[in-house]
Amino acid sequence: MFLLQQGPAETSAYMIAGYAVIFGIMLVYLISLHVRRRSLRQDLEMLQDLEEKEQ
Amino acid sequence: METKPRLLTILDTVTVIMLLLATAMVFFYAPMEATMGQVQRVFYFHVAAGWVGMVSFLVAAISGVAYLITSDHKWDTAGLSAVEIGIAFAFINIVTGSIWARPIWNTWWTWDPRLTTATVMELIYLAYLMLRSGIEDPDRRARFGAVYAIVGFVSVPLTFFSARLFRTIHPVVIGSNDPGAEGTFDMTTRMLQTFLFSLLTFTFIFADLLWHRIRIGRLADRVEQLRLKTMQ
């Protein structure tokens, strides 16, 4: 593909897209961990309250 | 409520600093490749993400063996956590590879042995999650999951060696390339340093995420136990 090319190809847009995907997916995964943790903590607190009321 | 271990806070901090450093090295320290241009910079995190994917699935297989020997649920949690992280990073690897391929191979996708085996590997582990979600009994789910993670691991060395064993256009970083490989380049010292530091950084990211995910798994187990107790 680069046989007749002089100098580096102009591929900056692909690089930006690549790093957007990398950081985007990592960010989404981190947010999903945070959301799950917060929701589990709320569930735990609610269940502990229920348990205390029953006793 | 379980407090966050001090060591995990240190690991979080070190990992973030390393990621910032690795990113700076990719953009400002590593030279631009002479033919491919800027898109070659995707290579550093593309390979590192693939590395994390494969290490995750190895950890899942080891956790599977440990669960079958001990029947301790902490290994089931570790295995599930590793698979989840592995799927995310293997996905990053596949998508960034496709983005790199567009200007280099002039196509987003081709059914090359490396691309095919990587996709099959990803699908195998997505099926792991589906299998688990279909089983209600925790012991049975853990046992099936453990066996599946061990058997599914066959796809990992197959993916790793596919670019070395079969005719392929995918470049090989370590070891000899197929003469038909397209997008190969000679790594300069700075490129090699950036590449190795990226691998190390992503290994830290994996360890950090795994620890966090296992803690969530343990919390989920506590919630489940308490829920069963209050229902009785």
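Here are three short exercises, with worked solutions, on a predicted model with chains A and B.

**Exercise 1.** Find how many residues each chain brings to the contact, and how much area is buried between chain A and chain B.

*Solution.* Start with the residues: chain A gives 32 and chain B gives 47. Next, take the area. The size of an interface is often given as the accessible area lost when the parts come together. Between chain A and chain B about 3600 Å² is buried, and carbon and sulfur atoms give 75% of it. Finally, look for the leading trio on chain A: A:Tyr14, A:Tyr19 and A:Tyr29 supply 18% of the area that chain A buries against chain B, more than any other three residues.

**Exercise 2.** Look for charged and polar pairings between chain A and chain B.

*Solution.* First count the salt bridges: there are three between the two chains. Then zoom in on the one between B:Lys229 and A:Glu51, where the closest N and O atoms are 2.6 Å apart. Now turn to polar contacts, for which nine residue pairs are found across the interface. To finish, sort the residues on the side of chain A that touches chain B: 19 are nonpolar, six polar and seven charged.

**Exercise 3.** Describe helix α1 of chain B and what its buried residues pack against.

*Solution.* Begin with its extent: residues 6-29 make up this helix of 24 residues. From first C-alpha to last, α1 of chain B reaches 33 Å, close to the expected 34 Å. Next, pick out its buried residues, among them B:Leu8, B:Asp12, B:Met18 and B:Val26. Last, follow their packing: within chain B they meet α2 (42-70) and α7 (189-231), and in chain A they meet α1 (12-54).

Conventions: Residues are numbered from 1 along each chain as its sequence is written. Chains are lettered from A and ligands numbered from 1 in the order in which they are written. This is a predicted model: local features need pLDDT of at least 70, side-chain atom pairs count only at pLDDT 80 or more; totals for chains, interfaces and linings use all residues. Side-chain values use heavy atoms; hydrogens and water are left out. Contact means heavy atoms within 4.5 Å. Buried area is the accessible area (1.4 Å probe) that two parts lose on being put together, summed over both. A salt bridge is a side-chain nitrogen of Lys or Arg within 4 Å of a carboxyl oxygen of Asp or Glu. A polar contact is a pair of N or O atoms within 3.5 Å; within protein, one must be able to donate a hydrogen and the other to accept it, and residues adjacent in sequence count only if both atoms are side-chain atoms. Ala, Val, Leu, Ile, Met, Phe, Trp, Tyr, Cys and Pro count as nonpolar, Asp, Glu, Lys and Arg as charged, and the others, Gly among them, as polar. Helices (H or I, at least four residues) and strands (E, at least two) are DSSP runs, numbered from the N terminus. The expected span of a helix is 1.5 Å times one less than its number of residues. Buried means under 20% relative accessible area, exposed over 50%, partly exposed in between (1.4 Å probe, protein chains only).
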